[in-house]
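Student: Could you take me closely through one part of this model, the sheet and what packs around it, and explain the terms as you go?

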Amino acid sequence: MAGAPPARLSPPVPKVRVYLLPCRVQQGWGDLQELSRAAWALHRAGFPLVYLEGGRNGRAAPRKDPRIVPFDPEAAGPVVFPPVLRRPRPFPSGRAIVLTSWWGLSARREDSRGDPLPGGVEQAVSRVVRAHGERQVLHVSLEEFASDQTSREVFEEGLRQAGLGAEHRRRALHSEEGRRWVRRYHDAFVRARAGEREEVLHLTGSFAARRRSLTEFPFLLPVGPFGSGQPGRRVLVRPLPRPARPPPPAREASVIWYASPSSSLEFASRSLLPGLARLPRSVRLEVRAGSEAIERWKGLPVPPSIRPIWLPELSLSSWTRRWRAADLRIASGSQSLVDAVHEARPFLYFNGYVVGQDRRTWAFRREKLLSLLHALRERRGGSALARDLERFADGRDVAGVLRRALTSAAWRSSAGRLLADVSREISSSGRSGDALVVEAARRLSSTSLDVRSLVRTLRKAHARPPSP
């Protein structure tokens, strides 16, 4: 219409700033790598990432507790973070997100009862809160992978790791001492993880959410592992097209293993090498380990049918090419397990084991594996694969598991199908950790809800575990 005033465009909604506070937890790289994947998801969605350079005048405070060590995202070892805006101090206003690992332990020096905590990034968190205002800051905490276990499950798994059989564990669980332990663990976990804080969104990566865990710890929000979405450049996860039938090994089968667990050498000598030697074909075994460990590996007697290749420290691209080209991968830790599931090709899992006085063995710290086993057993035909993964991790029937994984077309095809199914589920919009952290940032940018109401809304909308 002539003379009509021009239409007014709504001003763009300002995107919240994300303060990225990386820290390495307990000497491992897994939590730092997981944080980088969440940061990439936010970066791809257009949210600016901010890194505070130390304390006043840019000087970092001296470390007091080595359990949680802050890291500069541009100097994070093998972990690649997206670009960040480096600043000596926070912005003075607007809504913001603090993104870090294990917020309850890393962002505070004491819990709600005054008991000491490691801290590590607590000074940076306090500066952000003072600058933006307490009600303007959403704290996103990436909890330990598969930490959504019930107190009873943690107790029983501890007894199993100590070597107690099923009957001993059952009696202990039903004893008064066992019930006291479960109650103490529950209270300590809630306090250590800041379960009472309503401005903290506690996200825990898992392959399958369980109703009993969420009933006990309703502040936890299990999500699919980060990095499950469409990756950006230089991200550690780049999903391959998933073959319906993984090809059978050639005349010489190839096996690759990043042998990081401390018991790797014993496992290789006792189980892996003898198991590979019993295969009806020769094997090329590629082992990646530290230089000192490689020297010890070279002292092992290797059967003539096995051709060992000792891998030095490799670039990410070189390692990825070797990993994906192998007929069988042996994953260790949480993030390599996530990668193996997404690639949906045959793999086994070993994260260390305990050797009893009677020389029996059982897996060490297997909660990440248990999360995957639970997801597999929910699927038709998944129990057989779950059983073999569990046996291999425990160091039992290793030769039989290797034979099936490297020579059975049915086993390899079933493994590919089941893993692809799990990968699709944890990457779906309802489970994706990437999608949820981006949704939280978008809602914080545009919603009139206060931060605490936003946390309650997200928990209610996304905590939809299956029936037990």
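Tutor: A residue counts as buried under 20% relative accessible area, as exposed over 50% and as partly exposed in between, with a 1.4 Å probe and protein chains only. Helices (H or I, at least four residues) and strands (E, at least two) are DSSP runs, numbered from the N terminus. This is a predicted model, in which local features need pLDDT of at least 70, side-chain atom pairs count only at pLDDT 80 or more, and totals for chains, interfaces and linings use all residues. Residues are numbered from 1 along each chain as its sequence is written, and side-chain values use heavy atoms, with hydrogens and water left out.

Five of the seven residues of strand 10 are buried, so this strand is largely enclosed by the rest of the structure. Strand 10 belongs to an open, parallel sheet of five strands in the order 12-11-10-13-14, where pairing requires that DSSP find at least two bridges between two strands. The edges are strand 12 (306–311) and strand 14 (347–349), each of which pairs on one side only.

Seven bridges link strand 10 to strand 11 in the parallel sense, and Tyr258 stands opposite Arg288 in strand 11. With strand 13, strand 10 forms three parallel bridges, and there Val255 is placed opposite Leu328.

Across strand 10, strand 11, strand 12 and strand 13 lies helix 10 (residues 316–325), running at about 135° to strand 10; contact here means heavy atoms within 4.5 Å, and angles, from 0 to 180 degrees, are taken between N-to-C directions of axes fitted to C-alpha atoms, for helices over the stretch in contact.
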